[in-house]
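Here are a few friendly notes to read alongside the model. Please keep the viewer open while you go through them.

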2 protein chains.
Amino acid sequence: MPFAEILKNVVDGTDGALGALVVGIDGIPVDEYSVGSEIDIQSMTVEYSSILKEIEKGSQAAQLGSTNEVTVIAEKAMIMLRRLTDEYFLVLIIKPDGNFGKGRFLLRMSVPKILKEF
Amino acid sequence: MPFAEILKNVVDGTDGALGALVVGIDGIPVDEYSVGSEIDIQSMTVEYSSILKEIEKGSQAAQLGSTNEVTVIAEKAMIMLRRLTDEYFLVLIIKPDGNFGKGRFLLRMSVPKILKEF
């Protein structure tokens, strides 16, 4: 299944989802699917991918092992980052009143499907 | 209610919780309550408080407003950071097999109780 289709399933299945992406650790998107345009998803992803690197360093320094998932709840959006490989991760952006739990579930479920395409 | 008692209620009410802290944005703990010693909570908190500053910068840069909550799921622990004020935040550390949802709920419920003591 193409990435865009897997991402579409996650976004369409999550109330309030604005978009989902497969992104390299350098912040460059591999593929994305988004609805609406309330948020500049590309610039957001660049910002957060550098944060992911910081978090990974922090987790290693604190001897917690590698980071599998990061969730940021900000005023205007919830962002979930889920590790795919050492080089790539999955991002889901949801409105503040969206269905956080459902999004998290669908994001997790989509990981093996996406990895199959790697 | 003293901070330590509020933190104790969060930790005792969450299956798998290892500790909870009130921490300054500079990484210096105001108060903490922990059980077991599997994880060096102090050093972990210092690492993550600097990450919180990075995330806040990222959220502002991506125009998402201020950050209210950050969750990091690493191999050996789940860490929840919840904003209290501009200067202080609340941290909960849970084992990977602990009750994430319950911890998140209790952490949120404890925010107004802690703010009352500020």
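1. A term to settle before we start: a polar contact here is a pair of N or O atoms within 3.5 Å, where, within protein, one atom must be able to donate a hydrogen and the other to accept it; residues adjacent in sequence count only if both atoms are side-chain atoms. Please also bear in mind that this is a predicted model. With that rule, 11 residue pairs are in polar contact across the interface of chain A and chain B, both residues of a pair being at pLDDT 80 or more. Salt bridges across this interface number zero.

2. How are the two chains related? A turn of 180° with a shift of 0.0 Å along the axis lays chain A on chain B, with an RMSD of 0.0 Å. This is the relation of a two-fold axis. If you would like a landmark, look at A:Thr71: in chain A its C-alpha is the nearest to the axis, at 2.5 Å. Both copies use the same surface, since 100% of the contact residues of chain A recur in chain B.

3. Now to the extent of the contact. Chain A gives 30 residues to it and chain B gives 30 residues. Between them the two chains bury about 2400 Å², with 63% of that on carbon and sulfur atoms. Which three residues of chain A supply more of its buried area than any other three? They are A:Leu64, A:Ile73 and A:Glu75, which supply 24% of the area that chain A buries against chain B.

4. On the side of chain A that touches chain B, the elements giving two or more residues are helix 2 (41-61), strand 3 (67-74) and helix 3 (100-116) of chain A. Helix 2 of chain A provides the largest share of that side, nine residues.

5. Do follow the sheet from end to end. It is an open sheet of 10 strands with antiparallel pairing, in the order 2(A)-1(A)-5(A)-4(A)-3(A)-3(B)-4(B)-5(B)-1(B)-2(B). Strand 2 (29-34) of chain A and strand 2 (29-34) of chain B stand at the edges with a single partner strand each, so one side of each has no neighbour in the sheet. On average, neighbouring strands of this sheet are turned by 10° against each other, direction ignored.

6. Within chain B, strand 4 (residues 78-83) and strand 5 (residues 88-94) run antiparallel and are joined by six bridges. B:Leu81 stands opposite B:Val91 of strand 5 of chain B. Helix 1 (residues 3-13) of chain B packs on the sheet, where it touches strand 1 (17-24), strand 2 and strand 5 of chain B. The direction of helix 1 of chain B makes about 40° with that of strand 2 of chain B.

7. Last, the charged pairs. Over all chains, the whole structure has 10 salt bridges. One of them joins A:Arg108 to A:Glu69, with the closest N and O atoms 3.1 Å apart. This pair links distant parts of the chain, helix 3 of chain A through A:Arg108 and strand 3 of chain A through A:Glu69, 39 residues apart.

Note on methods
Residues numbered from 1 in each chain as written. Chains lettered and ligands numbered in written order. Predicted model: local features only at pLDDT ≥ 70, side-chain atom pairs only at ≥ 80, totals over all residues. Heavy atoms only, no water. Least-squares fit on C-alpha atoms with pLDDT ≥ 70 in both. Contact = heavy atoms within 4.5 Å. Pairing = 2+ DSSP bridges. Helix = DSSP H or I, 4+ residues; strand = E, 2+ residues; numbered from the N terminus. Axes fitted to C-alpha atoms, helices over the stretch in contact; angles between N-to-C directions. Buried area = accessible area lost by both parts, 1.4 Å probe. Salt bridge = Lys/Arg side-chain N within 4 Å of Asp/Glu carboxyl O.
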